[in-house]
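The following exercises ask you to read a protein structure step by step. Attempt each task before you turn to its solution.

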Amino acid sequence: MKIILLGAPGAGKGVYASRLKKTYGIPHISTGDLLRKAIRDKTETGLNAKTYMDNGEFVPDEIIIDLLKERLEQEDAQNGMLLDGFPRTIEQAKILDEIIKISAVLKFDTKQEVVLRRLGGRLICKGCGEIFNSHKLPPKQEGICDHCEEELYQRSDDTEETITKRFKTYEDQINPLEEHYKNKDILYSIDSNTDLICPECTVLNECKKILDTISKI
Ligand code: ADP
Ligand code: ZN
């Protein structure tokens with residue numbers, strides 16, 4: 001099962017991916033995460049990508065595509081994956097069509113105000129990548145991951161200015177991408193404006209809907 005998660009920054013792709021990867025036993029491959037790892041490892045790719053990322057701009061296609069191809073060749077990605085952060089443009093979508101055959105595209109629709117509120121409080125685990133939110137989904141112990149007990153951090157590009165820019169870039173690119181996958185009849189839209197987590201049962205509000213959708217693929 002090869003699934004693309006499309007959505008603005010803060011739409012909830014990462015949170016859903018961390019649930020879906022457990023349900024389906026396929027990896028979550030995020031191009032943003034691959035880049036952040038390259039930066040942490042101080043590779044040449046990482047050094048080249050950092051300025052673009054901190055400015056909320058796209059990293060050049062050659063860099064992203066090389067990183068992605070390398071990741072897709074790994075053992076755990078042979079039965080499928082949840083692809084997050086790629087493609088961002090119609091050009092990238094066409095390149096991807098030549099690499100793998102996508103089964104479904106889940107598009108998360110979110111308003112800008114919701115995105116700003118979510119990303120302002122976003123906390124990410126340094127160890128396992130799990131996502132928390134200081135307001136809506138706090139960890140049990142402040143600053144520490146519930147799952148692996150590593151430290152939580154805030155992304156350096158989660159500032160209001162950069163988020164606004166990333167959101168606009170997303171809006172500028174989404175229509176042709178949406179058309180591309182609609183024409184292939186594999187696009188599923190999900191309203192992601194409501195808060196993701198039900199405070200009582202901590203089940204994702206829309207998760208059932210997504211799982212039902214996927215089961216029909
Ligand atoms: P978000 O969706 O919150 O902006 P990501 O983690 O997906 O965050 O991406 C962070 C940054 O990494 C982007 O702002 C961009 O600079 C770079 N990036 C990630 N994926 C791509 C891509 N497919 N093409 C170009 N740049 C990318
Ligand atoms: Zn963790």
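## Exercise 1: A residue of the first strand

At 4% relative accessibility, Leu6 counts as buried, because the limit for a buried residue is under 20%. The structure is a predicted model.

**Task.** State which element holds Leu6, and list the residues with which Leu6 is in contact beyond its neighbours within four places in sequence.

**Solution.**
Step 1. Locate the residue: Leu6 is found in strand β1.
Step 2. Set aside the neighbours within four places in sequence; Leu6 is then in contact with Lys13, Pro87, Val105, Leu106, Lys107, Phe108, Tyr170, Ile174 and Leu177.
Step 3. Consider a residue that is not in that list: Leu35 is 29 residues from Leu6 in sequence, and the two C-alpha atoms are 18 Å apart in space.

## Exercise 2: The nonpolar cores

**Task.** Determine which residues of the largest nonpolar core touch the most other members, and which elements give two or more residues to this core.

**Solution.**
Step 1. The largest nonpolar core has 34 residues, and those that touch the most other members are Ile4, Ile29, Leu35, Leu83, Leu96, Val105 and Tyr181.
Step 2. Two or more residues of this core come from each of β1 (2–7), α2 (31–40), α3 (44–54), α4 (61–72), β3 (81–84), α5 (90–99), α6 (112–120) and α7 (160–183).
Step 3. Take Leu83 as an example: not counting residues up to four places away in sequence, Leu83 touches Ile3, Ile4, Leu5, Ile29, Leu68 and Leu96.
Step 4. A separate, second core has 13 residues, among them Ala17, Leu82, Leu106 and Ile214.

## Exercise 3: Helix α2 and its surroundings

**Task.** Identify the buried residues of α2, and describe how α2 is placed relative to α4.

**Solution.**
Step 1. The buried residues in α2 are Thr31, Gly32, Leu34, Leu35, Arg36 and Ala38.
Step 2. The cover over these buried residues of α2 includes β2 (28–30), α3, α4, β3 and β7.
Step 3. An α-helix has 3.6 residues a turn, so residues three or four places apart point the same way.
Step 4. The axes of α2 and α4 come within 10 Å and cross at roughly 100°. Since angles of 65 to 115 degrees count as roughly perpendicular, α2 is roughly perpendicular to α4.
Step 5. Where these helices meet, Thr31, Leu34 and Leu35 are on the side of α2, and Ile63, Ile64, Leu67, Leu68 and Arg71 are on the side of α4.
Step 6. Arg36 also lies in helix α2. With a relative accessibility of 15%, Arg36 counts as buried. Arg36 touches Ser30, Met53, Tyr153 and Arg155, not counting residues up to four places away in sequence.

## Exercise 4: Backbone features in loops

**Task.** Find which two residues are joined by a cis peptide bond, and state whether Phe86 is buried or exposed.

**Solution.**
Step 1. The cis peptide bond joins Phe86 and Pro87, with omega at about 0°.
Step 2. Phe86 belongs to the loop between β3 and α5, and Pro87 is placed in the loop between β3 and α5 as well.
Step 3. Phe86 has 2% relative accessibility and therefore counts as buried.
Step 4. Not counting residues up to four places away in sequence, Phe86 touches Ile4, Thr31, Ile64, Ile65, Leu68, Gln92 and Leu96.
Step 5. Phe86 and Ser30 are 56 residues apart in sequence, yet their C-alpha atoms are 7.5 Å apart in space.

**Task.** State where Lys42 and Glu149 are placed, and give the phi of Lys42 and of Glu149.

**Solution.**
Step 1. Lys42 is in the loop between α2 and α3, and its phi is positive, about 55°, although Lys42 is not a glycine.
Step 2. Glu149 is in the loop between β6 (131–133) and β7 (152–153), and its phi is also positive, near 65°, in a residue other than glycine.
Step 3. The limit for an exposed residue is over 50%, so Lys42, with a relative accessible area of 68%, is exposed. Glu149, at 64%, is exposed.

## Exercise 5: The zinc site

**Task.** Name the protein donors of the zinc ion (ligand 2), and classify the geometry of the site.

**Solution.**
Step 1. The donors are the SG atoms of Cys125, Cys128, Cys145 and Cys148, lying 2.3 Å from the zinc ion (ligand 2).
Step 2. Along the chain, these donors follow the spacing C-x2-C-x16-C-x2-C.
Step 3. The angles among the four donor atoms are 95 to 118°, and the site is tetrahedral.
Step 4. Cys125 is buried, with a relative accessible area of 3%, whereas Cys128 counts as partly exposed at 37%.

Conventions:
Residues numbered from 1 in each chain as written. Chains lettered and ligands numbered in written order. Predicted model: local features only at pLDDT ≥ 70, side-chain atom pairs only at ≥ 80, totals over all residues. Heavy atoms only, no water. Core = buried A, V, L, I, M, F, W, Y, C linked by side-chain atoms within 4.5 Å. Buried < 20%, exposed > 50% of the residue type's maximum accessible area, 1.4 Å probe, protein only. Helix = DSSP H or I, 4+ residues; strand = E, 2+ residues; numbered from the N terminus. Contact = heavy atoms within 4.5 Å. Donors = N, O, S within 2.8 Å, 3.2 Å for Na, K, Ca; no water. Tetrahedral: all angles 85-135°; square planar, octahedral: opposite > 155°, others 65-115°. Axes fitted to C-alpha atoms, helices over the stretch in contact; angles between N-to-C directions. Parallel < 35°, antiparallel > 145°, perpendicular 65-115°, else oblique.
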